[in-house]
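Got the model open on your screen? Let's take a walk through it, one neighbourhood at a time.

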Amino acid sequence: MPTPTLLVLDAEPLPRLGRLTGHAHIEHTDAEGLAARLPRADVLLVWDFTSRAVRDAWPGEGPRPRWVHTASAGVDHLMCPELAASDTVVTNARGVFDRPIAEYVAALVLAMAKDLPRTLQLQRERTWRHRESQKVAGSRAVVVGTGPIGRAIARTLEALDITTALVGRAPRPGVHGPEDLDRLLARADWVIAAAPLTEQTHGMFDARRFGVMQPSARFVNIGRGRLVVEDALAEALAKHWIAGAALDVFESEPLTPDSPLWQVPGLIVSPHMSGDIVGWRDELGAQFVELYELWAAGKPLENVVDKQRGYVPGH
């Protein structure tokens, strides 16, 4: 049997794939070369998970890889109708980012409750201003998204004695359905967006949803940027419909220096880093190598994405 060809859509630093020496013929490409190389590939590793090159290149002529793996939790950057309709198996990096993102969300919750951004600003101004802060124990949170990341966030918030409700695409034991979301938002102190980007979730946090929330509520998005109507969030903060927000993902990334979001009062902006701990790329590379070894042995792959839903089912 010929050695399979593994095509890597590159990003720096490159993945460590030394364990695959002799088990795969590894080729590398950038976005411009992807379309020409796709017909020769048996497997595609989307290491540059910020690129939308797969969406553009996939509909072209010739054979397509039998398996595509993206080094990210979301798959909206690569999914197109032709890929969704194909026999190609798509897998993602489910499991790598759960705990780091949950820790990051907890840090944001504590920072906002304890008014740490203002403390740091006052320190820079050399201003002594005593204030009172909020107790998080006994507060209420809503986590929208019941995948591994959403569940890890819920567990971490519950460890802080925050009463947490999970909202998923359908109701089941321990999970609320979409029909309960507005009722839960109206009572929540913390609203965490951790859902995948689908037709149903696109723009779900709009002016109406921010209007439902309490004036004391804070909103955090670590899911996908297009879950949120950014202008509506900016208006909600400016008009004090909600008390604060933090965005780690955005409709367009990177955020440009002239974006008005940098100066929205009460908004914490971070550069899509909530899951990126020291060594995270090594974990992503090791995960792919383990999946490749399963694939090469003819064994079932883990983290298989339902291409119609846009995420790994079973949660």
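The buried residues of α4 pack against quite a list of partners: α5 (116-124), α6 (148-159), β8 (190-193), β9 (218-221), β10 (244-247) and β11 (267-269). Keep in mind that what you're looking at is a predicted model. The helix itself covers residues 98-113, and its 16 residues reach 23 Å from the first C-alpha to the last, close to the 22 Å expected. Twelve of those 16 residues are buried, so by the under-20% cut-off for relative accessible area α4 is mostly covered. Among the buried ones are Ile101, Tyr104, Val105, Leu108, Val109 and Met112, and Asp98 is on that list as well. Just after α4, take a look at aspartate 115, whose phi is positive at about 60 degrees.

One of those partners, β8, leads us to the next stop. Aspartate 189 sits in the loop between α7 (181-185) and β8. It's a buried residue with no salt bridge: arginine 140 is the nearest side chain of opposite charge, and it is 5.4 Å away. A salt bridge here needs a distance within 4 Å, so arginine 140 doesn't qualify. The backbone of arginine 140 is another matter, with its nitrogen lying 2.8 Å from a polar atom of the aspartate 189 side chain. Setting aside neighbours within four places in sequence, aspartate 189 also contacts Ser139, Gln214, Ser216, Ala217 and Arg218, among others.

Now swing over to tryptophan 47, in the loop between β3 (43-46) and α2 (53-57). With a relative accessible area of 6%, tryptophan 47 counts as buried. What does it touch, beyond residues up to four places away in sequence? The contacts include Val8, Leu9, Pro13, Leu14 and Pro15, along with Arg281, Leu284 and Gly285. Proline 13 deserves a second glance: its backbone oxygen lies 2.9 Å from a polar atom of the tryptophan 47 side chain. Proline 13 is in the loop between β1 (5-9) and β2 (25-29), and a cis peptide bond with omega of about -5 degrees joins it to glutamate 12. There's another cis peptide bond between glutamate 253 and proline 254, again with omega of about -5 degrees; proline 254 lies in the loop between β10 and β11.

On to the aromatic rings. The count comes to ten aromatic pairs. One of them is tryptophan 67 with phenylalanine 288, a stacked pair at 5.4 Å centre to centre with 20 degrees between the planes. This pair ties together distant parts of the chain, since tryptophan 67 is in strand β4 (residues 67-70) and phenylalanine 288 is in helix α10 (residues 280-296), 221 residues apart. Tryptophan 67 is buried, at 0% relative accessible area, and phenylalanine 288 is buried at 0% too. For a contrasting geometry, try phenylalanine 210 and phenylalanine 219, which are edge-to-face: 5.3 Å centre to centre, 90 degrees between the planes. Back at the stacked pair, ring pairs also bring in Tyr292 and Trp295, linking them with Trp67 and Phe288 into a cluster.

Finally, a couple of backbone oddities. Aspartate 161, in the loop between α6 and β7 (163-167), isn't a glycine but has a positive phi of about 65 degrees. Is this residue buried or exposed? At 54% relative accessibility, aspartate 161 counts as exposed. Histidine 240 also has a positive phi, about 60 degrees, and lies in the loop between α9 (230-238) and β10. Histidine 240 is exposed as well, at 61%.

How values were computed. Residues numbered from 1 in each chain as written. Predicted model: local features only at pLDDT ≥ 70, side-chain atom pairs only at ≥ 80, totals over all residues. Heavy atoms only, no water. Helix = DSSP H or I, 4+ residues; strand = E, 2+ residues; numbered from the N terminus. Expected span 1.5 Å × (residues − 1). Buried < 20%, exposed > 50% of the residue type's maximum accessible area, 1.4 Å probe, protein only. Contact = heavy atoms within 4.5 Å. Lys, Arg positive; Asp, Glu negative; His and termini not counted. Polar contact = N/O pair within 3.5 Å; in protein donor to acceptor, adjacent residues only side chain to side chain. Phe/Tyr/Trp six-rings, centres within 6.5 Å; stacked < 30°, edge-to-face > 60°.
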